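Here's a quick tour of the fold for the bench. Have a look at the structure first, then read on.

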Amino acid sequence: MKNSLFIITGASKGIGKGLAEKALDTGAHVWGISRSHSIEHQNYKAITQDLAELSNLQKELPQFFAEAKAYEKIVLINNAGTLGDIAHLGSIKNESIPMLFDLNVSAPVLLMNQFIKDFKDFSGEKVIINISSGAGKNAVDGWSGYCASKAALDMATKVAAKEAEMDGSGFVIKAIAPGVVDTEMQTQIRSTNKKSFSGVDKFKNMKEENQLSGEQEVAEKYFHYFDNLAQYPEVMLDVRNL
Ligand SMILES: NC(=O)c1ccc[n+]([C@@H]2O[C@H](COP(=O)([O-])OP(=O)(O)OC[C@H]3O[C@@H](n4cnc5c(N)ncnc54)[C@H](OP(=O)(O)O)[C@@H]3O)[C@@H](O)[C@H]2O)c1
C-alpha cells in the first residue's frame with residue numbers, strides 16, 4: 001500500500017502548481033491534470049487533458065481513478081478554472097461561454113461524481129477540495145460567467161458534503177477560497193479595461209502594493225487545512241480566515 005495521492009487539475013501553473021509542489025515536498029504522489037505540464041518529479045504523473053473537452057473526459061472517466069486505489073489517502077483537488085472573456089453581457093464572445101461552464105462546473109462535477117462512485121467503499125481517507133472564489137458570492141461586473149460558475153461549484157460542493165454526511169460514506173468535501181493570488185489569472189484581470197470591468201484599478205493597486213499572495217504561500221495555507229480538517233467542520237472555507 002502506498003501513502004498519499006493528490007489528484008490536482010490545473011497543476012501546470014498558478015495555485016495548482018503551488019499545491020502540487022507542496023504535496024510532492026510532503027512525500028505524496030501527485031497526478032496533475034492539465035493541457036500542459038511544468039513539473040518534473042519522480043512522484044509526479046502528468047495527465048494531459050483538456051478538461052473543457054467533456055466528451056473525451058467522459059470516455060476516460062470510468063477507468064480514470066483505477067490505479068488510485070493503491071493509496072491509503074486520496075485527495076482530489078478541482079482547481080483548473082478560467083475567467084473566460086471579461087466583458088459586460090452583450091459584449092461577451094458567445095463561444096467563450098459554454099467553454100467556461102464546461103471547465104469551471106461540468107468537469108469538476110464529473111470528476112466528483114466518478115470519484116464518489118469509485119471510492120464509496122474505500123476505507124482509506126478520501127477528500128475532495130474544490131477551489132472556490134469570493135466571486136461565487138459577489139456580483140462582479142464583467143465576470144458574469146465566472147461568478148455564476150463559482151456559485152454553481154460552491155452549491156455542488158455543499159450538496160455533495162450533505163449527501164456524504166447522510167450516506168455515511170466517509171468522504172470529506174470542502175470548497176476553499178484562496179484569496180487574491182499572483183497568477184496568470186490576475187494578469188488577465190489587470191489587463192482589462194474599465195468599460196469591461198469597473199474594478200480593474202483596485203486589482204492594479206493591490207499588485208502595486210504587494211497585497212497578492214504567492215503560490216507557495218497559499219499552498220502552505222491549504223495544507224494547514226488538509227492537515228487539520230477535523231478542526232474545520234464548515235464546508236465553505238477561505239484561507240484568509242486562517
Ligand atoms: N488567482 C486568484 O487570485 C484566484 C482567486 C480566487 C479563485 N481562484 C481560483 O483558483 C483556481 C486556479 O487559478 P489560478 O489563478 O492558479 O489560474 P491560472 O494561473 O490561470 O492557472 C489555471 C490552471 O488551470 C489549467 N487549465 C486551464 N484551462 C484548462 C483546460 N481547458 N483543461 C485543463 N486544464 C486547464 C491551466 O493549465 P493548462 O493551461 O496547462 O491547461 C493552469 O494549470 C481557479 O479555479 C480560480 O478560479 C484564483
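Let's start with a definition: two residues are in contact if their C-beta atoms, placed from the backbone, lie within 7 Å. On that basis, in this predicted model, Ile8 touches Gly16, Leu19, Ala20, Val30, Gly32, Ile77 and Asn79, leaving aside its neighbours within four places in sequence.

Ile8 also turns up in the largest nonpolar core, a group of 54 residues. Along with Phe6, Ile7, Leu19, Leu76, Ile77 and Ile128, Ile8 ranks among those with the most contacts inside that core. Helix α3 (residues 96-119) gives the core its largest share, 8 residues. As a rule, nonpolar side chains tend to be buried together in soluble globular proteins.

Now for the sheet. It's an open one with 7 strands, paired in parallel and ordered β3-β2-β1-β4-β5-β6-β7. The edges are β3 (44-48) and β7 (236-238), each of which pairs on one side only. On average, neighbouring strands are turned by 20° against each other, direction ignored. Helix α1 packs on this sheet, touching β1, β2, β3, β4 and β5, and its direction makes about 175° with that of β1. Over at β7, 3 bridges join this strand to β6 (residues 171-177), running parallel, and Ile176 stands opposite Leu237 in β7.

Which residues come nearest to the ligand? Of the 28 around it, they are Gly10, Gly14, Arg35, Gly81 and Thr183. Helices α1 (14-25) and α5 (184-190) are the elements that give two or more residues to this shell. By class, the shell looks like this:

| Class | Residues around the ligand |
|---|---|
| Nonpolar | 11 residues |
| Polar | 13 residues |
| Charged | 4 residues |

Methods: Residues are numbered from 1 along each chain as its sequence is written. This is a predicted model: local features need pLDDT of at least 70, side-chain atom pairs count only at pLDDT 80 or more; totals for chains, interfaces and linings use all residues. A nonpolar core is a set of buried Ala, Val, Leu, Ile, Met, Phe, Trp, Tyr and Cys residues joined through C-beta atoms within 7 Å. A residue is buried if 20 or more other C-beta atoms lie within 10 Å of its own, exposed if 12 or fewer, and partly exposed in between; C-beta atoms are placed from the backbone. Helices (H or I, at least four residues) and strands (E, at least two) are DSSP runs, numbered from the N terminus. A residue is near a molecule or strand if its C-beta atom, placed from the backbone, lies within 6 Å of it. Ala, Val, Leu, Ile, Met, Phe, Trp, Tyr, Cys and Pro count as nonpolar, Asp, Glu, Lys and Arg as charged, and the others, Gly among them, as polar. Two strands pair if DSSP finds at least two bridges between them. Axes are lines fitted to C-alpha atoms, for helices over the stretch in contact, and angles run from 0 to 180 degrees between N-to-C directions.
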